[in-house]
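Okay, thanks for squeezing me in. I'd like to walk you through one model, starting from a single spot and then zooming out. Here it is on the screen.

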Amino acid sequence: MNEMMKAVQLHSFGGPEVLRYEDTPRPEVQAGEVLIQVHAASLNPPDLYLRDGYRALPPEWQPSPNFPLILGTDVSGVVAAVGYEVSEVSVGDHVFAMVRFPEDLMTGSGAYAEYVSVPESQLALKPKSISHVEAAGAPMSLLTAWQFLVDPGQDRPNPFQAFRHVPVPLEGKTVLINGAGGGVGHLAVQVAKWKGAHVIAVASGKHEELLRELGADDFIDYTKAAAETVAHDVDLVLDAVGGPNMERFLSIIKPSGSLFLVNPLDFSARDEADRLGITVSSLQVHSNGMLLAQAGRLLDDHTIRVVIDSTYSLAEASAAHQRAMQGGVQGKVVLVVKHYGR
């Protein structure tokens, strides 16, 4: 019989109150997998969507998982066991990972727990100079910024478009980041700056001081002025917000420029973009330990950093989800996992 662990489980879809902190069997490590004793796990939008049953999607796309399930993709912790065919990490190594994404998008990747099993190919050694809390806040947000702006990784089917996403050179270019105060946005600002871009950050005014510290050259407070009425001659817009009216950014992008959409589902102006000579592109972020290790070097030498909005214990996952739903999150919300001699 499996040993037991504490985890946050979902027995039905609904609001934050449906999250239950309870005992469940510890996962068994399989060939090619690593068992991580989780020290911290961060929240990401797919966690909120899955908890709610992806109700915004058409019924035929909504999940029908076997309950209970464990939410969460992003973890940082210590290797507790390794399976056969694991060769790059050992018990006791400190690692971080985005777990089985998007493979387990609709069923939960198991990160809100004391232990989670992870394919070795999806993890990387944790940057030594940062904490587990900071490392847990990185994987999905950092991989999203990295795959959009630096390297999309290996060829994979792209659910959003028929062509492969290709990052564009950023040295000396003007890049506007919409949603710059959030998890993806604040890291994208830093990655774009590292790549040599002139960065315009768009967020509410409360984020201005931080974003300028992180390297933003210009700042637009969207509560005072719409970005498309202020910015002009932009080479690239990375929209980390999504929702209606994304096509408004086309008016500020140069011909031969690009519009990268983290959430492209409501975009409806591809014909107009083609007419203007603007490339509109998106991708599905995916787990990739090699890319996470590359990006992690920038965390280790403090070229970039993960901003932590707030931390909660694993047992307080419902409160953490409530915080994430309030809006105005600056950086990442993180669950801290304490082990009591298990």
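So, this is a predicted model, just to have that said up front. Let's begin at Val184. Leaving out residues up to four places away in sequence, Val184 has contacts with Ser141, Thr144, Ala145 and Ala240. Val184 itself sits in helix α4, which covers residues 183-194. Is Val184 buried or exposed? With a relative accessible area of 16%, Val184 is buried, because the cut-off for buried is under 20%. And here's a long-range pairing for you: Val184 and Gly331 are 147 residues apart in sequence, yet their C-alpha atoms are 8.0 Å apart in space.

Next, helix α3, which runs over residues 139-149. How many of its residues are buried? The count is 11 of 11, so α3 is mostly covered. Ser141, Thr144 and Ala145, which we just met as contacts of Val184, are on that buried list. The list also includes Trp146, Phe148, Met140 and Gln147.

Let's hop over to His132. You'll find His132 in helix α2, residues 132-136. His132 counts as buried, because its relative accessibility is 14% and the cut-off is under 20%. If you're thinking about protonation states, here's one to look at: the side chains of His132 and His94 make a polar contact of 3.0 Å. Which other residues does His132 touch? Again skipping residues up to four places away in sequence, the contacts of His132 include His39, Ala40, Ser76, Gly77, Val78 and Lys126, along with His94.

Now some backbone geometry. Most residues other than glycine have a negative phi, and most peptide bonds are trans. With that in mind, here are some exceptions. The bond from Phe67 to Pro68 is cis, with omega near -5°, and Pro68 is in the loop between α1 (45-51) and β4 (69-70). Phe101 and Pro102 are also joined by a cis peptide bond, with omega about 10°. Pro102 is in the loop between β6 (94-98) and β7 (115-119).

On the phi side, Asp233 has a positive value, near 55°. Asp233 belongs to the loop between β11 (218-221) and β12 (234-239). Asn245 has a positive phi as well, near 70°, and Asn245 is in the loop between β12 and β13 (253-261). Asn245 is partly exposed, at a relative accessible area of 40%.

Okay, zooming out to the whole chain. The secondary structure comes to 8 helices and 16 strands. The radius of gyration is 20 Å, close to the 20 Å from the globule rule for 342 residues, so the chain is as compact as a globular protein of that length. Along the principal axes, the C-alpha trace spans about 60 × 45 × 40 Å. Of the 342 residues, 56% are buried. And if you take contacts between residues at least 6 apart in sequence, 66% of them join residues at least 24 apart.

Last bit, surface and charge. The accessible surface is about 14700 Å², and 50% of that belongs to carbon and sulfur atoms. There are 26 positive and 40 negative side chains in the chain, and the centres of the two sets are 3 Å apart.

That's my tour, so over to you for questions.

Conventions. Residues are numbered from 1 along each chain as its sequence is written. This is a predicted model: local features need pLDDT of at least 70, side-chain atom pairs count only at pLDDT 80 or more; totals for chains, interfaces and linings use all residues. Side-chain values use heavy atoms; hydrogens and water are left out. Helices (H or I, at least four residues) and strands (E, at least two) are DSSP runs, numbered from the N terminus. Buried means under 20% relative accessible area, exposed over 50%, partly exposed in between (1.4 Å probe, protein chains only). A polar contact is a pair of N or O atoms within 3.5 Å; within protein, one must be able to donate a hydrogen and the other to accept it, and residues adjacent in sequence count only if both atoms are side-chain atoms. Contact means heavy atoms within 4.5 Å. The radius of gyration is taken over C-alpha atoms; the globule rule is 2.2 Å times the number of residues to the power 0.38. Accessible areas come from the Shrake-Rupley method with a 1.4 Å probe; for residues, only the protein chains shown count as cover. Lys and Arg count as positive and Asp and Glu as negative; His and the chain ends are not counted. The place of a charge is taken as NZ of Lys, CZ of Arg, CG of Asp or CD of Glu.
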